[in-house]
Amino acid sequence: MSKITFPFLVFSCLLRMTSLCAAGQAINPPPDDRFRADLLLVVAHPDDETEIGAYLARAIFDEKKRVAVVFGTRGNGGGNAEGQEQAASLGAIREIEARQALAHFDVSHVWFLNGTDTPGQEVLSSLETWDHGDSLERLVRLVRLTRPAVIVTWLPDWVAGENHGDHQAAGVLATEAFDSAGDPTVFAEQLATPRNRRDIRNLTEGLRPWQPQKIYYVSDAAHTEFLRGQGPSYSATDVSPAKGVSYAKLAAEECAFHLTQDDTGQMARTALAKGDLKYFEQPVLFVSGKSLVDSQKTADLFAGVKPTGISFQHAVGFSAEVIPSPHIELGDPWLFYRKFWQAHGITQLTRLVGPEIMAGYNSFFQVPVVLDNPTAQSLDARFTVDLPEGWTFRQPLPSSITIGPNQTATLPLEFKTGSQHDHAWKTISIDANAGAKNLGKIRIRVKLDAGAMPQ
């Protein structure tokens, strides 16, 4: 057997590396630029992209922006206005509807996080069924792959309207990904160099950290006055120079691919047939979430964006607020959001809209009230709750609640709404006292609507 000396092995390896470089095969090639996006839209269900359809038409056709879309679910829990298929089969259909719709806008980079469609208004329920950690890892991967300057997503807040819990979950995940994708210690296995990228069985991914520069929110709330002036606004009635028709018409055409959905695809098909585009002519309103570059709140989405990217910037991070006296406050999900906004440096959302919910007629919903006693003495708290006329408690209100020193308790208040069809806002008032000491007041307003989603 012949012997191969060590110097010869070294020389062979160097020769091989030289030949690779000579052939233009870099050892660590740059990121795959085919998937680079200017804007990454992160939403929950196939057809959610239609919320900003008129803006997407403007950005893609006339501003030549590269757009990629991430859907949290395949919409397997929705209705079907076009056929009988449901559950997993419906999800398969809606995925294709979304791909066809976005292809109409020349968007081919479309991904799904594999979350389960969770009909309801509660963000924490949706995050649980989506497997929060797994979905975040998937989304961070896609941010690092597409390297967007701007992320657009649903508003991470509970407002009265269709405002699906899945919509809110998409907003939560997108905000977390915005603050995580540039951090090399987050999902670091995505960043480690593969041992041999030309061979099989690589487990590490070879991505690079990426810091998006701006994030914006949109909402499908039943009322829009709170959105105005909170970010840029775009006309849908303007005519696209590239297409020669209004952005509203382009938006309706894209929306019409979602025929399983009565309130989007079916509605759009009817609107186009009748030539009535009033619904699609509403302006597209954005809420400015966070900008890491110089940009005014209402300036264009891409104002101030640096083409070469920016370095990673740490989010504020969570710090516990210390309130030394006993008090009451709304529990989750409102409590979650108050902490979430602070941790991610988007506290302007606390001033956007007060606590509210949409509920059906003659239906039940719950309001969790947290009672916190940070003192060294027990206390007896008494609650007073004023309900709108005709409303009742599902369970009797306890006469008092005893809470020990340095303890926290949650009182789930469950109400039944009245049967009278009245679209006016209603208010629930909750007060708590411990002897002569007032522990706080909570006001939550309720919008009644026959089409309200279950809580």
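Me: In this predicted model, why is Glu 356 called buried?

Reply: Glu 356 has a relative accessible area of 0%, and buried means under 20%, so Glu 356 falls on the buried side of that cut-off.

Me: What makes Arg 445 partly exposed?

Reply: The relative accessible area of Arg 445 is 27%, and because partly exposed covers what lies between under 20% and over 50%, Arg 445 belongs in that class.

Me: How do you know that the side chains of Glu 356 and Arg 445 meet in a salt bridge?

Reply: The N to O distance for this pair is 2.9 Å, and a salt bridge asks for a side-chain nitrogen of Lys or Arg within 4 Å of a carboxyl oxygen of Asp or Glu, so the pair qualifies. The two residues link distant parts of the chain, since Glu 356 sits in strand β10 and Arg 445 in strand β17, 89 residues apart.

Me: Why is the contact between Asp 33 and Arg 147 called a salt bridge?

Reply: The closest N and O atoms of Asp 33 and Arg 147 are 3.4 Å apart, and the limit is 4 Å, so this pair also meets the definition. Asp 33 lies in the loop between α1 and β1, while Arg 147 lies in the loop between α5 and β4, so the salt bridge ties together parts that are 114 residues apart in sequence.

Me: Which of these two partners is buried, and how do you know?

Reply: Arg 147 is the buried one, because its relative accessible area is 8% and the cut-off is under 20%; Asp 33, with 47%, is partly exposed.

Me: What makes the span of helix α5 close to the expected one?

Reply: Helix α5 runs over residues 132-146, which is 15 residues, and reaches 21 Å from its first C-alpha to its last, close to the 21 Å expected at 1.5 Å a residue. The helix is followed by Arg 147, whose phi is positive, near 50°.

Me: Which residues of α5 are buried, and what covers them?

Reply: The buried residues include Leu 136, Leu 139, Val 140 and Val 143, and their cover includes β1, β2, β3, β4 and α6.

Me: How do you know that Arg 141 of α5 forms a salt bridge with Glu 205?

Reply: Their closest N and O atoms are 2.8 Å apart, and the limit is 4 Å, so the pair counts. Arg 141 lies in helix α5 and Glu 205 in the loop between α6 and β5, so parts 64 residues apart in sequence are tied together.

Key: Residues numbered from 1 in each chain as written. Predicted model: local features only at pLDDT ≥ 70, side-chain atom pairs only at ≥ 80, totals over all residues. Heavy atoms only, no water. Helix = DSSP H or I, 4+ residues; strand = E, 2+ residues; numbered from the N terminus. Expected span 1.5 Å × (residues − 1). Buried < 20%, exposed > 50% of the residue type's maximum accessible area, 1.4 Å probe, protein only. Contact = heavy atoms within 4.5 Å.
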